[in-house]
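Student: Could we go through this model together? I'd like to start with how the chains meet and then look at pockets.

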Amino acid sequence: MWVVSATYFALGFFNIVFAWFGVICFLIPLLIAIFGGGKQYCNHYCGRGQLFLKIGNSLGWSKGRLAPRWLSSKYFRHGFLVFFLFFFVQMVWLTVEVAKGIETLHETIHLMWSFDVPWHWAYRTEITPWKAQFAFGLYGIMLTSLIVGVILTIVYRPRTWCVFCPMGNMTQQISKLKAGKK
Amino acid sequence: MAKYKYKAENEKDRCVACGVCVKVCPKSAISIYKGCYAVINEEECVGCGICGKNCPAGVIHKVENKEYVK
Ligand code: SF4
Ligand code: SF4
Ligand code: SF4
């Protein structure tokens, strides 16, 4: 599965339209958790998690140090989830504005929640502006988490990102809710 | 009635259920309980500590097994 993840980032580099496949990475884990599959996605399928293991363990790039303990605290994990959702909503909002014609298409990738990096070369096929905007927005989010994840993998242990990954947190919370009810 | 000197213990409230420990355990002694946290099968665990060395959250530990008798 890590090949899928690597392919995704490569394709998005050349043609932003492929960024739309990223929606799958948001929907599938949530659907699995909602329908009682727990964190099967994280445990078996997530290409990003496997990519970190590949880089960290198979390539041996990871220092294997333990990350600071507050990373796994509830406050940090939930705080990061809120932070992440805020930017996600902002991204969707921009998409809506582009669709309405209030905003023009930004052919940039919003990285690390602050920098706009030009990415116009990846806009090859003309598509409806809002669809392109969403693709740019989503790719920015995906790439940001990849960069953060890879840095954490190298400095600390592989998959340190998974400790506070918003998707991983959401699926765990859903699983806990479901387990608690029974 | 424990066979090994050490065993693994998990801090359930901090475990993120990522499944890294499940993958690395040589005895396949760990499973993820309903996507909530990792549980260790104490019958299978040999206390090698590999899980603890790989857990990205650092919440699974190798501890002395109090039931161990020489
Ligand atoms: S925590 Fe996030 S990055 Fe890690 S395996 Fe789960 S979804 Fe993938
Ligand atoms: S590796 Fe650590 S955080 Fe991940 S499931 Fe195992 S004990 Fe929990
Ligand atoms: S201490 Fe070793 S045998 Fe026991 S659960 Fe951890 S990895 Fe498996």
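Tutor: What follows is a short talk about an interface and a pocket. The model is predicted, so local features need pLDDT of at least 70 and side-chain atom pairs count only at pLDDT 80 or more, whereas totals for chains, interfaces and linings use all residues. Residues are numbered from 1 along each chain as its sequence is written, chains are lettered from A and ligands numbered from 1 in the order in which they are written, and side-chain values use heavy atoms, with hydrogens and water left out.

Student: How many residues does each chain bring to the contact?

Tutor: Chain B brings 22 residues and chain A brings 24 residues, where contact means heavy atoms within 4.5 Å.

Student: And what area is buried between chain B and chain A?

Tutor: About 1900 Å² is buried, with carbon and sulfur atoms giving 46% of that area; buried area is the accessible area (1.4 Å probe) that two parts lose on being put together, summed over both. On the side of chain B, the residues that lose the most area to chain A are B:R14, B:V16 and B:P56, which together make up 30% of what that side buries.

Student: Which residue forms a salt bridge with A:R69?

Tutor: That is B:E11, and the closest N and O atoms of the pair are 2.5 Å apart. The rule finds one salt bridge across this interface, counting a side-chain nitrogen of Lys or Arg within 4 Å of a carboxyl oxygen of Asp or Glu.
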